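This tour proceeds by selection, from the whole chain to single residues. Please have the structure open in a viewer before beginning.

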Amino acid sequence: MRRLPVAAGIVAAAIVVLVLLVYTGVLMPTRLFAARYDVRGIDVSHHNGTVDWAQVAEQDIDFAWLKATEGSAHVDTRFAANWAGAREAGIATGAYHFMSFESPGADQARNMIAHVPRVAGTLAPVVDLEPYGSFKGNLPPATEVRAILDPLLDALEDHYGIAPIIYTTPTAYRAFLVDRYPDNPIWFRSVAWPPRVPDGRSWTIWQYSSRDRLDGVGSDDEAYVDMNVLSDDDDLADLTIR
C-alpha cells in the first residue's frame, strides 16, 4: 500500500526537476525541432548588456534584430552600439519597435523613423506586438489595437520601402491578427513546442527559445538570449531593405 505514495512522490519530483531544467535553459525541447533550420538569429535589447558582436558572429548567427524604440518616445539605450557592432561583425541587422497600446500609431512610427536609419542591405523593421504589464491579463479591444497598429505599419512601410514584420505571441495573434495582415511576415513566439499559427498561416521567423546562452551575450540583468530560426520557405534577401 505504500508503493503508490512513493511512486507519486517520484513522479512529482521528476516533474519538478524537468521544470527546473527547462526554466534554466538546460533542457529546451524546441531546440530539437529548430535544429533542422539552417538560418539562425537572435534578438536583443539593453537587458542583454554589452554584446560582443564579433564573438556572436563566430557562433553561426546569421541575423539579429535589435530593440530600437518603444511607444512614442522611448529609445533603447544600447541600440546605437548594437546597430554599429552587429553590422561591423557582418551579421544581417534589423531593428524592432515595441508597440505600446497607449499612444497613437503615427507617433510611434515617428519615434522609430527618427532613430533607425533607412539603410539598404539592413533587415525590415519589426513591430513587436504582445501583451505587457497590466495588459497581460486584460487585453485591450482589437479595434483599439488595430487603430494603433494599422497607421504604424503603414508609416513604417512608406518610409523603409518594405512591409514590416510582425513579431507576436499566440495570445496576441489570436486576439488581434487572425486572418489579417497577409502582406506582413509573421515572427511567431513558441518556446514550448513547434509553432502552429492559430489561423494556419505560415510563419517566417520562429522564436523557439528565450533561455539560450551565447558567448558574448549576457548581463547581470539577463543571462539568456532569445533564439530564432528562419523558415526554409523564406530567404533573408526577401526581408532586406533595398
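**The whole chain**

Begin with the full chain in cartoon form, where seven helices and nine strands are found. The model is a predicted one. The chain has 242 residues, and 47% of them count as buried. Next, display the surface: its accessible area comes to about 12,100 Å², and carbon and sulfur atoms account for 54% of that. Contacts that span long stretches of sequence may also be considered here. Among contacts between residues at least 6 apart in sequence, 67% join residues at least 24 apart.

**The nonpolar core**

Select Ile42, Trp53, Trp65, Met99 and Leu129, the residues with the most contacts inside the largest nonpolar core, which has 65 residues. Then add helix α6, residues 142-160, which gives the most to this core with seven residues.

Keep Ile42 in view and hide the other core residues. Is Ile42 buried or exposed? Ile42 counts as buried because its relative accessibility is 0%. This residue belongs to strand β1. Which residues does Ile42 touch, beyond those up to four places away in sequence? They are Trp53, Val56, Ile61, Phe63, Ala64, Trp65, Leu214, Val225, Asp226, Met227 and Asn228. To follow one of these pairs, draw a line between the C-alpha atoms of Ile42 and Val225: the two residues are 183 residues apart in sequence, and the line spans 7.1 Å.

**Helix α4**

Now select residues 79-88, which form helix α4, and show the side chains of its buried residues, Phe79, Asn82, Trp83, Gly85 and Ala86. An α-helix has 3.6 residues a turn, so residues three or four places apart point the same way. Which elements do the buried residues of α4 pack against? Their partners are β1, α3, β2, β4 and α5, the last of these being residues 105-115. Just after α4, stop at Gly90, where phi is positive at about 85 degrees.

**The largest pocket**

Turn next to the largest pocket, whose volume is about 680 Å³. A convenient selection is Phe98, Asp128, Glu130, Tyr167 and Asp226, which lie nearest the centre of this pocket among its 27 lining residues. Asp226 has already appeared on the tour as one of the residues in contact with Ile42.

Which strands supply at least two residues each to this lining? Colour the following to see them:

- β1 (40-44), β2 (63-70) and β4 (92-98) are among them.
- β5 (126-129) and β7 (186-189) are also included.
- β8 (205-212) and β9 (225-230) complete the set of strands.

Colouring the lining by class gives ten nonpolar, eight polar and nine charged residues.

**The second largest pocket**

Move to the second largest pocket, which holds about 170 Å³ of space. Its lining may be selected as Thr169, Pro170, Arg174, Phe188, Arg189, Ser190, Val191, Ala192, Trp193, Pro194 and Arg196. Two elements, α7 (170-177) and β7, give two or more residues to this lining. By class, the lining residues divide into six nonpolar, two polar and three charged.

**The enclosed cavity**

How many cavities of 30 Å³ or more does a search of the whole structure find? The search finds one. The volume of the largest cavity is about 40 Å³. To locate this cavity, select Trp83, Ala95, Met112, Val116, Pro117, Thr122, Leu123, Ala124, Pro125, Tyr160 and Ile241, which line it. Trp83 was shown earlier among the buried residues of α4. In the lining of the cavity, ten residues are nonpolar, one is polar and none is charged.

**Two loop residues**

Finish with two aspartates in loops. Select Asp60, located in the loop between α3 (53-57) and β2. Its phi is near 60 degrees, a positive value in a residue other than glycine. Is Asp60 buried or exposed? Asp60 is exposed, as its relative accessible area is 60%.

Then select Asp179, in the loop between α7 and β7. Although not a glycine, Asp179 has a positive phi of about 60 degrees. Asp179 has a relative accessible area of 66% and is therefore exposed.

Methods
Residues numbered from 1 in each chain as written. Predicted model: local features only at pLDDT ≥ 70, side-chain atom pairs only at ≥ 80, totals over all residues. Heavy atoms only, no water. Core = buried A, V, L, I, M, F, W, Y, C linked by side-chain atoms within 4.5 Å. Buried < 20%, exposed > 50% of the residue type's maximum accessible area, 1.4 Å probe, protein only. Helix = DSSP H or I, 4+ residues; strand = E, 2+ residues; numbered from the N terminus. Contact = heavy atoms within 4.5 Å. 1 Å grid on protein atoms, 1.4 Å probe; cavity = no way out; pocket = protein on both sides within 12 Å on 5 of 7 lines; lining within 4 Å. Points joined across faces, edges and corners; volume = space filled by probe spheres on them. Nonpolar A, V, L, I, M, F, W, Y, C, P; charged D, E, K, R; others polar. Areas by Shrake-Rupley, 256 points an atom, 1.4 Å probe, with all protein chains shown as cover.
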